[in-house]
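Here are my notes for you, written as numbered points. Keep the structure open while you read, and look up each residue as it comes along.

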Amino acid sequence: MISTLPKWVEYGALILALVAGFVNAIGLLSFEHQSVSHLSGSATLLGESLLGSSVQKITHLLGVLLSFLAGSSIAGFLLHGSSLKLGRHYDTALFLESALLLIAMGFLYQGSFYGHFFASAACGLQNALATKYSSAVIRTTHLTGIFTDLGIMIGSFIRGEPLDKRKAKLFILIIIGFVVGGTMGALMYTKYQFLAMLFPVSICLLIAFIYRVYSKNHS
């Protein structure tokens, strides 16, 4: 599947992973220390919270989970087909992601955990976008599947099977993007607090604008 995607997909995945790592770093460093780009930890905490935590904490965690689902549902509604094709609403999805991140910034700036809901929805939207056009090969908001697939490739290569160099390069770029995004998010949050969210908002808007122009000129 990777071989059928255009060459620029690797760099798009790198940038989207950077955005997700950046946003998740802010979620982890801010109040409640809540991850928003993936759900495994939040689902575990929700299960633990059901044993006696406050209604507010349960509502918070459940809201993060359902918000990620809602964001993914938006992508499923907007994007038709499972292959990458110019003219599809990838720019619309990115515009919506930037809007969700702006709303998240507003709530977080006011000290409201509702901001985590909108940040989680933005990540769900982004992850579904990448998953849909790559037939679930590319995920940009968490690394568990990426490390798993890369490990399988390494093990198969050691056994003697040929290495898909392009696929390995893609996975490594996603890992680098997420880690670098986390570093940038931590640095900018320390300096600008929640206003640091303007950086991933700007990146999403820029990518959406470039895609729209490129699509019009090559359709």
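1. How many disulfides does the structure hold? This is a predicted model, and the count is zero. Take a look at Cys123: its sulfur is 9.2 Å from the closest cysteine sulfur, the one in Cys204, and that is too far for a bond. A disulfide would need the two sulfur atoms within 2.5 Å. Cys204 is in no disulfide either, with the sulfur of Cys123 as its nearest cysteine sulfur, 9.2 Å away. Both cysteines are tucked under cover: Cys123 is buried at 4% relative accessible area, and Cys204 is buried at 0%.

2. Now for the charged pairs. Side chains of opposite charge can pair when their charged atoms come close. There are four salt bridges in this structure, and one of them joins Glu10 to Arg166, with the closest N and O atoms 2.6 Å apart. Glu10 sits in helix H1 and Arg166 in helix H7, so this pair ties together parts that are 156 residues apart in sequence. Glu10 and Arg166 are both buried.

3. Another salt bridge is the one between Arg139 and Asp149, at 3.3 Å from N to O. Arg139 is in the loop between H5 and helix H6 (144-159), while Asp149 is in helix H6 itself, so the parts tied together here are 10 residues apart in sequence. Arg139 counts as buried at 13% relative accessibility, whereas Asp149 is partly exposed at 23%.

4. Don't skip the salt bridge between Glu161 and Arg159, where N and O are 2.2 Å apart. Is Arg159 buried or exposed? With 60% relative accessibility, Arg159 counts as exposed. Its partner Glu161 is partly exposed, at 36%.

5. On to the rings. A pair of aromatic rings is described by the distance of the centres and the angle of the planes. The model has nine aromatic pairs. In one of them, the ring centres of Phe31 and Phe194 are 6.3 Å apart and the planes meet at 75°, so you can call the pair edge-to-face; the cut-off for that label is over 60 degrees. Phe31 belongs to the loop between helix H1 (9-29) and helix H2 (40-49), and Phe194 to the loop between helix H7 (165-192) and helix H8 (198-218), so the pair ties together parts 163 residues apart in sequence. Phe31 is partly exposed at 26%, but Phe194 is buried at 8%. Elsewhere, ring pairs link Phe107, Phe113, Tyr114, Phe117 and Phe118 into a cluster.

6. Stay in the loop between H1 and H2, where you'll find Glu32 and His33. Most residues other than glycine have a negative phi. Glu32, though, has a positive phi near 70°, and His33 has a positive one near 50°. Glu32 is partly exposed, at 47% relative accessible area, and His33 is exposed, at 56%.

7. What does His116 touch? Leaving out residues up to four places away in sequence, its contacts include Phe31 and Glu32, along with Gly27, His60 and Leu108. His116 is part of helix H5 (residues 114-133) and is buried, at 0% relative accessibility.

8. Last, the surface. Leu102, Tyr109, Tyr192, Leu195 and Leu198 make a nonpolar patch of about 500 Å². Leu195, one of these, lies in the loop between H7 and H8 and counts as partly exposed, at 42%.

Note on methods:
Residues numbered from 1 in each chain as written. Predicted model: local features only at pLDDT ≥ 70, side-chain atom pairs only at ≥ 80, totals over all residues. Heavy atoms only, no water. Phe/Tyr/Trp six-rings, centres within 6.5 Å; stacked < 30°, edge-to-face > 60°. Helix = DSSP H or I, 4+ residues; strand = E, 2+ residues; numbered from the N terminus. Buried < 20%, exposed > 50% of the residue type's maximum accessible area, 1.4 Å probe, protein only. Patch = residues over 30% accessible without salt bridge, like charges linked within 9 Å, V, L, I, M, F, W, Y side chains within 5 Å. Areas by Shrake-Rupley, 256 points an atom, 1.4 Å probe, with all protein chains shown as cover. Salt bridge = Lys/Arg side-chain N within 4 Å of Asp/Glu carboxyl O. Contact = heavy atoms within 4.5 Å.
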